[in-house]
Amino acid sequence: MEGTGEEVVAIADLTDEDIHECVEDAFRYDRLVLAASSYDAGVFPPMEDFLRRLKHKNYQNRKVYLIENGSWAPSAARAMKAILDEMNVEVCEQVVTIKSKMTQETLDEMISLAQKIVFGDKEDSFAKFREQQKDD
């Protein structure tokens, strides 16, 4: 997202960070990207806990983007979406699924998702950005 004009990006590892700080950060921004691995046909427990806390705090009016990782049966996105559906948030239909490791295809999907996060569905904004990049 560097070079796109986005001034602040916060990244948190829910297994290592203070969960209260992570919840606080979620309320600071209008967009949230959730990336989690699948776990027992659901989502990794720290992510589930985080989402339940957001719901409890009435997290709403934001755009949410999902990235999941799983080997043979990824389930994290479905589990996260089920919790998010209980909130007043807009969940992007485009989900990136990583099956154990990054491939060129998943990298391309990540780039496409990053473009959607920064520019939304405005193709002309992204085209202008690409032109600026070429000029620099």
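1. A definition before the main finding. A salt bridge here is a side-chain nitrogen of Lys or Arg within 4 Å of a carboxyl oxygen of Asp or Glu. The model is predicted. Keep that cut-off in mind for Glu68. Glu68 is buried and has no salt bridge. Arg78 is the nearest side chain of opposite charge, and Arg78 is 7.1 Å away. That pair therefore falls outside the rule, which asks for a nitrogen within 4 Å of a carboxyl oxygen.

2. What lies around Glu68? Glu68 sits in strand 3, which covers residues 60-69. Beyond the neighbours within four places in sequence, Glu68 is in contact with Ala36, Pro74, Ser75, Ala76, Ala77, Arg78, Val96, Thr97 and Ile98. Arg78 is thus on the contact list, although Arg78 makes no salt bridge with Glu68. The Glu68 side chain does have a polar atom 3.2 Å from a backbone nitrogen, that of Ala76.

3. Overall fold. The chain has five helices and four strands. Along the sequence they run α-β-β-α-β-α-β-α-α. The chain holds 136 residues, and 32% of them are buried. Contacts with a separation of 6 or more were also sorted by distance in sequence: 72% of them join residues 24 or more positions apart. The accessible surface is about 8,900 Å². Carbon and sulfur atoms account for 46% of that surface.

4. Ala36, a contact of Glu68. Ala36 belongs to strand 1. Is Ala36 buried or exposed? Its relative accessible area is 10%, so Ala36 is buried. Not counting residues up to four places away in sequence, Ala36 touches Val43, Met47, Ile67, Glu68, Asn69, Ala76 and Met80. Two of these names recur from the point above: Glu68 and Ala76. Ile67 deserves a check in the viewer. Ala36 and Ile67 are 31 residues apart along the chain, yet their C-alpha atoms are separated by 6.5 Å.

5. Two backbone angles to inspect. Ala41 has a phi near 60 degrees, a positive value in a residue other than glycine. Ala41 is in the loop between strand 1 (31-39) and strand 2 (42-43). Ala41 counts as exposed because its relative accessibility is 62%. Ser100 also has a positive phi, near 75 degrees, and is likewise not a glycine. Ser100 lies in the loop between strand 4 (88-98) and helix 4.

6. A nonpolar patch on the surface. Which residues make it? Met102, Leu107 and Ile111 form a patch of about 250 Å². Met102 is in the loop between strand 4 and helix 4. Leu107 lies in helix 4, residues 104-119. Met102 counts as partly exposed because its relative accessibility is 40%. Leu107, at 37%, is partly exposed too. Setting aside neighbours within four places in sequence, Met102 contacts Leu107 and Met110. From Met102 to Asn69 the C-alpha distance is 9.6 Å, with their positions 33 residues apart in sequence.

7. Salt bridges. How many does the structure hold? The count is nine. Side chains of opposite charge can pair when their charged atoms come close. Arg28 and Glu24 are one pair, at 2.4 Å from N to O. The two are four residues apart in helix 1 (residues 19-28), so about one helical turn separates them. Arg28 is partly exposed at 48% relative accessibility. Glu24 is partly exposed at 38%.

8. More pairs. Asp30 forms a salt bridge with Arg31, with the closest N and O atoms 3.0 Å apart. Asp30 has a relative accessible area of 45% and is partly exposed. Arg31 is partly exposed as well, at 25%. Asp85 and Lys81 also meet in a salt bridge, 3.0 Å from N to O. Lys81 counts as partly exposed, with 37% relative accessibility. Elsewhere, Glu48, Arg52, Lys55 and Glu86 are joined into one network by salt bridges that share partners.

9. Where to look again. Glu68 remains the point to examine: buried, without a salt bridge, and with a side-chain polar atom 3.2 Å from the backbone nitrogen of Ala76.

Key. Residues are numbered from 1 along each chain as its sequence is written. This is a predicted model: local features need pLDDT of at least 70, side-chain atom pairs count only at pLDDT 80 or more; totals for chains, interfaces and linings use all residues. Side-chain values use heavy atoms; hydrogens and water are left out. Patches are made of residues with over 30% relative accessible area and no salt bridge: like charges are joined within 9 Å, nonpolar side chains (Val, Leu, Ile, Met, Phe, Trp, Tyr) within 5 Å. Accessible areas come from the Shrake-Rupley method with a 1.4 Å probe; for residues, only the protein chains shown count as cover. Buried means under 20% relative accessible area, exposed over 50%, partly exposed in between (1.4 Å probe, protein chains only). Lys and Arg count as positive and Asp and Glu as negative; His and the chain ends are not counted. A polar contact is a pair of N or O atoms within 3.5 Å; within protein, one must be able to donate a hydrogen and the other to accept it, and residues adjacent in sequence count only if both atoms are side-chain atoms. Contact means heavy atoms within 4.5 Å.
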